[in-house]
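Let's walk through this one together, question by question. Have the sequence and the 3D view ready.

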Amino acid sequence: MPDPILQTRDLNSYYGDFQALYDVELDVGEGEVLAIIGANGAGKSTLMRSITGLLTNGRGQIHYRGQDISRLRADEVAELGLAMVPEGRQLFPSLSVKENLMIGAQVGRKGPWDLKAVYDLFPILEERKDQASTSLSGGQQQMVAIGRALMANPDLILFDEVSLGLAPIIIKDIYEALPGIIGEGMSAIIVEQDITKALSVSSRVFCLQEGRVSLESASDTVSREDISRAYFGIE
Ligand code: ATP
């Protein structure tokens, strides 16, 4: 495996007294696409929030390029080159499409992704650039959320359930755009309910079950039986 860009060790995360993650150990190699699967409530979003500094109630280490980022705020993590496409998109409803995209540029770094590159990827966003983000369809809003993350020019991009609630045709479009998005060298973590999709875009897959890693495998060799066992805990 190439050198890790991200590594978690003994990661435990909490909401108040409730423990949502237990001793999570994860390695993402430079340029690697990792998939994270698991049932509702397994802890996938909690893991994403812990990595990106949105949830700091935890213990353990999170190393990004060798630096411990577990105590950093979300904006500090973004400056280092991590960006997330959050579950539910979380756009700013009072801002236009273009203004939402520019938020990403403000928190991030310089690089190949600018407004023009995002509009080239998703031409519909240029047509709608002055409209309120809330006036767009769900799929178009997801494109804004992806574009906003790209505008930060991250080295590691986290996608939290990008296909949730979208029509199959839109999901297909977004997944077809993914290889071009991730491109040369960018690393990615993809949280995805659709296991076939998750396996098709990733080189390795992790499964979470009740806050614990229940499976780690190469995506092209993992069996359906192993996934069922790891996903549902069925022996
Ligand atoms: P989903 O697919 O439903 O988003 P998930 O795998 O992303 O599931 P998480 O959202 O990480 O799961 O939730 C993990 C656990 O933490 C669940 O038991 C959930 O109820 C709990 N949890 C999540 N967010 C909070 C919160 N803000 N306060 C308290 N408990 C929470």
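Q: In which sense do E3 and strand E8 (residues 187-191) pair?
A: Strands here are DSSP runs marked E of at least two residues, helices are runs marked H or I of at least four, and both are numbered from the N terminus. Two strands pair if DSSP finds at least two bridges between them. E3 and E8 are joined over four bridges, and in E8 the bridge partner of Ala 35 is Ile 190. The sense of the pairing is parallel.

Before we go on, a word on the model. It's a predicted one, where local features need pLDDT of at least 70 and side-chain atom pairs count only at pLDDT 80 or more, while totals for chains, interfaces and linings use all residues. Residues are numbered from 1 along each chain as its sequence is written, and side-chain values use heavy atoms, with hydrogens and water left out.

Q: Which residue in E9 stands opposite Ile 37?
A: E3 is also joined to strand E9 (residues 204-209) by four bridges, and the two run parallel. Within that pairing, the residue in E9 opposite Ile 37 is Cys 207.

Q: How many of the five residues of strand E3 (residues 33-37) are buried?
A: Buried means under 20% relative accessible area, exposed means over 50%, and partly exposed is in between (1.4 Å probe, protein chains only). In a regular strand the side chains alternate between the two faces of the sheet. Here Val 33, Ala 35 and Ile 37 point one way, Leu 34 and Ile 36 point the other way, and all are buried. E3 is therefore largely enclosed by the rest of the structure, and the buried count is five of the five.

Q: What is the order of the strands in the open sheet of four?
A: The pairing in this sheet is antiparallel. Its edge strands, each pairing on one side only, are strand E2 (18-29) and strand E5 (67-68). Reading across, the order is E2-E1-E4-E5.

Q: How many bridges join strand E1 (residues 4-15) to E2?
A: E1 and E2 run antiparallel, and Gln 7 stands opposite Asp 27 in E2. Their hairpin has two residues between the strands, and Gly 16 takes a positive phi near 60 degrees there. The number of bridges joining E1 to E2 is eight.

Q: What is the phi of Arg 65, roughly?
A: Strand E4 (residues 58-64) and E5 run antiparallel, joined by two bridges, and Tyr 64 has Gln 67 in E5 as its bridge partner. Arg 65 sits in the loop between E4 and E5 and counts as partly exposed, at 43% relative accessibility. Arg 65 isn't a glycine, yet its phi is positive, at about 45 degrees.

Q: Is Glu 210 buried or exposed?
A: Look in the loop between E9 and strand E10 (212-218) for Glu 210. Its phi is near 45 degrees, a positive value in a residue other than glycine. With a relative accessibility of 64%, Glu 210 counts as exposed.

Q: Which element gives the largest share of the shell around the ligand?
A: The ligand has 15 residues around it, each with a heavy atom within 4 Å; the closest are Gly 41, Gly 43, Lys 44, Ser 45 and Thr 46. An oxygen atom of the ligand lies 2.9 Å from a polar backbone atom of Gly 43, and a polar side-chain atom of Glu 161 is 3.1 Å from a ligand oxygen. Two or more residues of the shell come from each of E2 and helix H1 (44-51). The largest share, four residues, comes from H1.

Q: How many of the 14 residues of H6 are buried?
A: The expected span of a helix is 1.5 Å times one less than its number of residues, so helix H6 (residues 138-151) should span 20 Å, which agrees with its end C-alpha atoms being 20 Å apart. Gln 140 is in H6 and is buried, with a relative accessible area of 16%. Its side chain makes a polar contact (N or O atoms within 3.5 Å, one able to donate a hydrogen and the other to accept it; residues adjacent in sequence count only if both atoms are side-chain atoms) with the side chain of Arg 128, at 3.2 Å. H6 is largely enclosed by the rest of the structure, and its buried count is 13 of the 14.
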